[in-house]
Amino acid sequence: MKAVRPYTIKGHILCQTIKGLAYVVHFFKQKSWDKAIEFEENPRTMRLMDLLYFSYKYYFKPPQIPSHPTVLAHFQKPTTLHPDFHSQLSISLGGDLMPYEMIKPEYTTYLWDNVGADFFGSDIVFANLETPLDTKQKQSFVPEVMLSNMLFNTDEQTFSIFNGNGQFKGFDILSVANNHSLDMGRAGLLATLQNLKDKNILSIGAAASADEAEQPVIIERNGFKIGFIAYTYSLNQFEAPKDKPWLVNLLPLNLPGCDISRIKQQTETCRKAGADLVLCSIHAGNAYQTYPGKTTVDLFENIFNTCGVDVIIGGHPHNLQPWRNYQFTDPFSGKNKTGFAIYSLADFIAYDIFTWCHLCAYVKLEIGRDVNGDILMRPIVKPLIMERKNKQLQLQYAEQIYQKTELTAEEKDIKILYDACVNG
Ligand SMILES: [Zn+2]
């Protein structure tokens, strides 16, 4: 597996050095690191050995063996729940939007050419904005090689690239609950909320006031009301402000048995406001590995059973992870339902140096009603590869790439992860 492909000579030298160090430590760990290890992965609580293991996964080799053997039984092919119904509403769900150094106008001219029309063509378009958008502070990119504290910030130019490069209608709603929410401080988060408001983009996962935090976020379109909520497991080195606990939706989601009563409460608020479906963005899990840990699988099942959400959109692990349907009884209506979850949509608009990070997906949710007026839902997962040719980035449908007879070395390498996710 080719885990690292830096695009500058300096990046190459730095990565080779760190990979060498990671290899030495790995040697003493007697290969036990090849299996995923679950821990909170929160920079505030990381011990030295956690940090070394994280560096190993990141710079040397993402583990392909799940942390717990039962985890694999939960995944399935992208099954269609109700294949024959007439769709009346479509929702696109995208992964993490991150200001990597390559996300600049000179490298992104053709970025959306292949997938933009379908992705932004849905009635409602969603993703996770994993950076402040504080135009009063300097742009701050994710460095090519991550060695120091990373505080991100996006300017109008980079945001416009995320938002369809001016070629498409852009996002309707973005989550701002992630581990980079407070990178530009509280003022940066409030500026982000205001800037999104000015662009007519709804935001979830953070609020400018206690009153705003209590309001359900619902989009009404084509006769359907869709509720959105979002939570993050960490704010990196920052703590949630004690005087403003409502500022950002933070819960210790990577710890077993996390109390999710706030998620239930917000789902109930959406239902009372008439939401036909509730979609929940969960920014959590362990980074750079093929499968979610048992903690995340248990968390997602608990969210379905306890809160009755219909869809869980996972993000943060940087690698694509599998998806599933889940049968449960809605705690509010008592009806049997089939929910849909994807554990990680991965980096969406981003360009990390690791080849596996170039595989991501978006979900197209088709929504309709049966004769009784009950909601029908058909989730279609569309895996994508971020290709780089002649220094230009472009999103391509992975299925089309894998129909070719001749694959590049990178496409072959990514296929290991693609097969693990697509075939469960
Ligand atoms: Zn993250």
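Let me begin with a definition: helices (H or I, at least four residues) and strands (E, at least two) are DSSP runs, numbered from the N terminus. By that convention, Lys244 is placed in the loop between β6 and α7. Residue numbers start from 1 along each chain, following the sequence as it is written. Please keep in mind that this is a predicted model, in which local features need pLDDT of at least 70, side-chain atom pairs count only at pLDDT 80 or more, and totals for chains, interfaces and linings use all residues.

I shall stay with Lys244 for a moment. Is this residue buried or exposed? A residue is called buried if 20 or more other C-beta atoms lie within 10 Å of its own, exposed if 12 or fewer do, and partly exposed in between, with C-beta atoms placed from the backbone. Lys244 has 14 C-beta neighbours inside 10 Å, so it counts as partly exposed. Its C-alpha atom is separated by 7.7 Å from that of Ala210, a residue 34 positions away along the chain.

Let us now turn to the chain as a whole. It has ten helices and 14 strands. Its radius of gyration is 20 Å, close to the 22 Å that the globule rule gives for 424 residues, so the chain is as compact as a globular protein of that length. Here the radius is taken over C-alpha atoms, and the rule is 2.2 Å times the number of residues to the power 0.38. Along the principal axes, the C-alpha atoms fill a box of roughly 60 × 45 × 45 Å. Of the 424 residues, 45% are buried. Two residues are in contact if their C-beta atoms, placed from the backbone, lie within 7 Å. Among the contacts with a separation of 6 or more, 77% are made by residues 24 or more positions apart.

Next, the domains. The bounds come from an automatic or database domain assignment, which gives domain 1 (9-71) and domain 2 (76-422). Their centres, taken over C-alpha atoms, are 25 Å apart. To the contact between them, domain 1 brings 20 residues and domain 2 brings 23 residues. On the side of domain 1 that touches domain 2, the elements giving two or more residues are α1 (9-28) and α2 (48-60). Of these, α1 gives the most, with three residues. What is the character of the residues on that side of domain 1? They divide into nine nonpolar, six polar and five charged. In this count Ala, Val, Leu, Ile, Met, Phe, Trp, Tyr, Cys and Pro are nonpolar, Asp, Glu, Lys and Arg are charged, and the others, Gly among them, are polar.

I come to the strands. Two strands pair if DSSP finds at least two bridges between them. One open sheet has six strands in the order β5-β6-β7-β8-β10-β9, with mixed pairing. At its edges stand β5 (217-221) and β9 (321-329), each with a single partner strand, so one side of each is left without a neighbour in the sheet. The twist from one strand to the next averages 20°; axes are lines fitted to C-alpha atoms, for helices over the stretch in contact, and angles run from 0 to 180 degrees between N-to-C directions. The edge strand β5 runs antiparallel to β6 (residues 224-232), joined to it by five bridges. Within that pairing, Val217 has Phe228 of β6 as its bridge partner.

Two helices accompany this sheet. Helix α7 (residues 261-272) packs on it, touching β5, β6 and β7 (277-283), and its direction makes about 165° with that of β6. Helix α8 (residues 294-307) lies across β7, β8 (311-315), β9 and β10 (336-344), at about 35° to β9.

Finally, I follow a series of pairings through β12. Eight of the eleven residues of β12 (residues 359-369) are buried, so this strand is largely enclosed by the rest of the structure. Eleven bridges join β12 to the antiparallel strand β13 (residues 375-389), and Glu366 has Arg378 as its partner there. The two strands form a hairpin with five residues between them, and Gly373 in the turn has a positive phi of about 90°. Strand β1 (residues 89-97) is also antiparallel to β12, through five bridges, one of which pairs Ser90 with Glu366. Strand β1 runs parallel to β2, again with five bridges, and Ser92 stands opposite Val125.
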